[in-house]
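Here's a relaxed walk through one chain, with an eye on charged pairs and strand pairing. Have the sequence and the 3D view open as you read.

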Amino acid sequence: DYGSAVGQTGDLRPEYYKFKRAAWFARSFQNILETSDNATSTYANASTNSVVRVNARASAAGTILFLGNQGRSAQATQVTLNGTAYPQAGSLTVNPGEIMPVVTGYTIVPGVTLNVAPTRILGVIQQADTTTMVIYGQAGLPAELYFSVLPGTTISTGAPALSVNETNLTLQTSYPASGVSNFSFQSGSRRVRILTLSDTLADDTWFVDAGGQNYIVCGPQYVGDAAVTNGHLQIVTEKPWQNPASNPVVAYGPADAPMSL
């Protein structure tokens with residue numbers, strides 16, 4: 001009824017976008033979730049703010065800490081792991097009623113482990129020889145990721161915010177007010193790309209499969225059918241009659257540069 005994700009006229013309500021974020025996160029980290037055990041006792045004190053409660057699920061594939069705010073106001077916190085508080089450049093804001101997952105110890109590709117992700121992750125997808133992670137947050141707040149990588153890993157795009165020191169690679173930046181910021185590195189035969197965007201644009205970001213290839217489309221308020229015709233990506237979009245947005249529409253395929261649609 002009135003609390004549903006899709007209205008009776010087909011309009012997408014705020015709940016829809018919350019479900020979309022949760023669904024893509026769960027799909028991206030199903031290797032952890034489907035075989036995980038309760039690890040809450042190990043990480044119960046990981047939050048620096050006692051109002052933000054921590055529940056954790058751990059498996060051989062990695063661990064997810066779920067930061068829950070059951071209060072009526074937003075709460076700032078950090079996550080303490082192995083004696084270090086993350087994010088290092090600031091804090092996380094957990095909204096009232098929100099459960100925010102923090103991923104640790106997850107292998108993105110062979111030889112590349114996401115040690116700590118003190119941020120919101122929209123999803124991770126494979127695009128030919130590129131693995132793309134999309135993260136989002138409030139404009140101006142810290143966007144940080146911490147990896148272990150193979151020796152010889154090189155930065156392709158985004159230095160100095162993206163930096164490597166022997167086998168430790170770090171992204172330390174802030175979320176853009178508009179558009180998408182692109183960071184990438186090469187580790188062995190695999191390329192890892194990180195796209196950062198605002199929480200507002202995250203609602204208007206979609207993962208689509210067309211012509212046997214995965215694409216990330218940023219800008220439309222809804223993406224329906226997608227196809228590749230004569231080598232060009234074509235998508236069908238919808239714009240709501242209430243609160244329509246006119247965002248630039250770009251798509252990211254395996255290539256580094258986005259395609260303008």
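Which residue in β16 is the bridge partner of Thr154? The partner is Gln186. Keep in mind that we're looking at a predicted model throughout.

## Around strand β16

That Thr154–Gln186 bridge belongs to a pairing between strand β13 (residues 154-157) and β16, which is antiparallel and runs over 3 bridges. β16 itself covers residues 181-187, and 5 of its 7 residues are buried, so the strand is largely enclosed by the rest of the structure.

β16 also pairs with β17: the two run antiparallel and are joined by 7 bridges. Want one to click on? Try Ser181, whose bridge partner in β17 is Thr196. The two strands form a hairpin with 2 residues between them, and there Gly188 takes a positive phi near 65°.

## Thr196, tucked away

Thr196 sits in strand β17, and its relative accessible area is 0%, so buried is the right word for it. What is Thr196 in contact with, once its neighbours within four places in sequence are left aside? The list is Ile135, Leu171, Tyr175, Pro176, Gly179, Val180, Ser181 and Phe183. Ser181 turns up there as well as being the bridge partner of Thr196.

## Salt bridges

How many salt bridges does a search of the whole structure find? There are 4, and here's a look at some of them.

Start with Arg21 and Asp203, whose side chains meet with N to O at 2.7 Å. Arg21 lies in helix α1 (residues 14-28) and Asp203 in helix α4 (residues 199-203), so this pair ties together parts that are 182 residues apart in sequence. Asp203 has 21% relative accessibility and counts as partly exposed, because buried would call for under 20%.

Next up is Glu98 with Arg120, where the closest N and O atoms are 3.0 Å apart. Glu98 lies in the loop between β7 (92-94) and β8 (99-109), while Arg120 belongs to strand β10 (residues 120-127), so the pair ties together parts 22 residues apart in sequence. Buried or exposed? Both Glu98 and Arg120 are buried.

Then there's Arg191 with Asp256, with 2.4 Å between the closest N and O atoms. This pair links distant parts of the chain, 65 residues apart: Arg191 is in strand β17 (residues 190-198), and Asp256 is in the loop between β22 (250-252) and β23 (259-260). Arg191 is buried, at 11% relative accessible area, whereas Asp256 is partly exposed, at 31%. So β17 carries both Arg191 and Thr196, and pairs with β16 too.

## The four-stranded sheet

Over to an open sheet of 4 strands, in the order β18-β19-β22-β23, with antiparallel pairing. Which strands are at the edges? They are β18 (205-210) and β23, each of which pairs on one side only.

For β18, the pairing is with strand β19 (residues 213-218): antiparallel, over 6 bridges. To find your way in, look at Phe207, which has Ile216 in β19 as its bridge partner. As for what holds such pairings together, strands of a sheet pair through backbone hydrogen bonds.

At the other end of the sheet order, β22 and β23 flank the loop that holds Asp256. That brings us back to the salt bridge between Asp256 and Arg191.

Technical notes. Residues are numbered from 1 along each chain as its sequence is written. This is a predicted model: local features need pLDDT of at least 70, side-chain atom pairs count only at pLDDT 80 or more; totals for chains, interfaces and linings use all residues. Side-chain values use heavy atoms; hydrogens and water are left out. Buried means under 20% relative accessible area, exposed over 50%, partly exposed in between (1.4 Å probe, protein chains only). Two strands pair if DSSP finds at least two bridges between them. Contact means heavy atoms within 4.5 Å.
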